[in-house]
Amino acid sequence: MSQEIIIRRITAPEIRARKGGEPIVALTSYHANTARIVDNHADILLVGDSLGMVLYAMDSTLGVSLELMIAHGRAVVRGSKRTLVVVDMPFGSYEESPETAFRNAARVMAETGCGAVKLEGGVRMAETIRFLTERGIPVMGHVGLTPQSINTFGGFKTQGRDTALWPLIKADAQAVAAAGAFSVVLEGIVEPLAAEISRESSIPTIGIGGSRECDGQILVLEDMLGYNPKPPKFVKVYGAIGDAIDSAVKSYAEDVRSRAFPGDENVYTLK
Ligand code: KIV
């Protein structure tokens, strides 16, 4: 008799319940192949709108469309089995009104099969986060350095260097939690402030360039794999994928040029 093993996906409420518990492992993923591998080790796969910069060489995330996020979100859901897949709401798809945000987030959930969406902004987005969560859409918040606002920040700038602004950043994190988000990304926030927010927050904080005291950490996969020649300063690089690809492609090119490829085993035969 064959035994069916049912693998259940991690849910947003399960992540919410990890506050103060086992640290949450999160990574970005944009397509099925990386999703399949990351799925073995992570709790959350984020289909980040950083894909605009990482995959499509855009200067910022502002040009990423809802259709692009849906296409990549679907691929990541197909490639994974157990992690919670969270898809970023791209710039322009949720800021206008809670109703617009709901319509677009509902599309993302229905067309990708993901378990939650992420959107940027604190106090100003609280009403929208509440609107979505009350209607069945789990939301991950994102405060601090919010890349979709680089034009108002004047660039990718660490937040909280001026302690006078700490109350505003803290208020953003609190507003997101009070509105019903199940977790919140703290990006590019100075360490003592990220630590303080993590101690005070009622929901798990997921740091990126934040603090060890966050309830979890997230990195852009390509940065930590050694795929990005210039990763941000705070990134610990765990792999040398760029070098591995370079050396494999070099060997292939040498084989082709010396007619060592294809060998007999690499061609179709008539048999
Ligand atoms: O788009 C993204 O990859 C993100 C992470 C950096 C948190 O939002």
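This is a short walk through the ligand site and the two largest pockets of a predicted model.

**Stop 1: the ligand and its shell**

Start by selecting the ligand and the residues around it. Going along the chain, you should pick up Thr28, Leu46, Gly48, Asp49, Ser50, Asp88, Lys118, His142, Val185, Glu187 and Ile208. Colour that shell by class and you'll get three nonpolar, four polar and four charged residues.

**Stop 2: the polar contacts**

Now show side chains for three members of the shell. Which one should you click to find a distance of 2.5 Å to an oxygen atom of the ligand? Go for serine 50, where an N or O atom of the side chain lies at that distance from a ligand oxygen. Next, try lysine 118: its side chain has an N or O atom 2.9 Å from an oxygen of the ligand. Then pick aspartate 88, where the corresponding distance from a side-chain N or O atom to a ligand oxygen is 3.1 Å. Before moving on, switch on the protein surface: the ligand on its own has 250 Å² of accessible area, and the protein covers 96% of that.

**Stop 3: the largest pocket**

Hide the ligand for a moment and look at the space around it. You're in the largest pocket, since that is where the ligand sits. The volume here is about 770 Å³. The lining takes in 31 residues, and to get to the middle you can select Phe156, Glu187, Ile208, Pro232 and Phe234, the ones closest to the pocket centre. Glu187 and Ile208 will be familiar, as both belong to the ligand's shell.

Switch to cartoon view next. Helix H3 (51-54), strand E6 (183-187) and strand E8 (216-219) are the elements that give two or more residues to this lining. Colouring the lining by class gives 14 nonpolar, nine polar and eight charged residues.

**Stop 4: the second largest pocket**

Where next? Head for the second largest pocket, with a volume of about 370 Å³. Select Gln217, Ile218, Leu219, Lys236 and Tyr238, which are the closest to its centre among the 14 lining residues.

Which element gives the most to this lining? Highlight strand E1, which supplies four residues. You'll find E1 at 24-28, and E8 also supplies at least two residues here. So you meet E8 again, having already seen this strand in the lining of the largest pocket.

Finish by colouring this second lining by class: eleven nonpolar, two polar and one charged.

Conventions:
Residues are numbered from 1 along each chain as its sequence is written. This is a predicted model: local features need pLDDT of at least 70, side-chain atom pairs count only at pLDDT 80 or more; totals for chains, interfaces and linings use all residues. Side-chain values use heavy atoms; hydrogens and water are left out. A residue is near a molecule or strand if one of its heavy atoms lies within 4 Å of it. A polar contact is a pair of N or O atoms within 3.5 Å; within protein, one must be able to donate a hydrogen and the other to accept it, and residues adjacent in sequence count only if both atoms are side-chain atoms. Accessible areas come from the Shrake-Rupley method with a 1.4 Å probe; for residues, only the protein chains shown count as cover. On a 1 Å grid over the protein atoms alone, a cavity is a set of points where a 1.4 Å probe fits but cannot get out, and a pocket is an open set with protein on both sides within 12 Å along at least five of seven lines; lining residues have an atom within 4 Å of a point. A molecule sits in a cavity or pocket if more than half of its atoms lie within 2 Å of its grid points. Ala, Val, Leu, Ile, Met, Phe, Trp, Tyr, Cys and Pro count as nonpolar, Asp, Glu, Lys and Arg as charged, and the others, Gly among them, as polar. Grid points are joined across faces, edges and corners, and a volume is the space filled by probe spheres set on the points.
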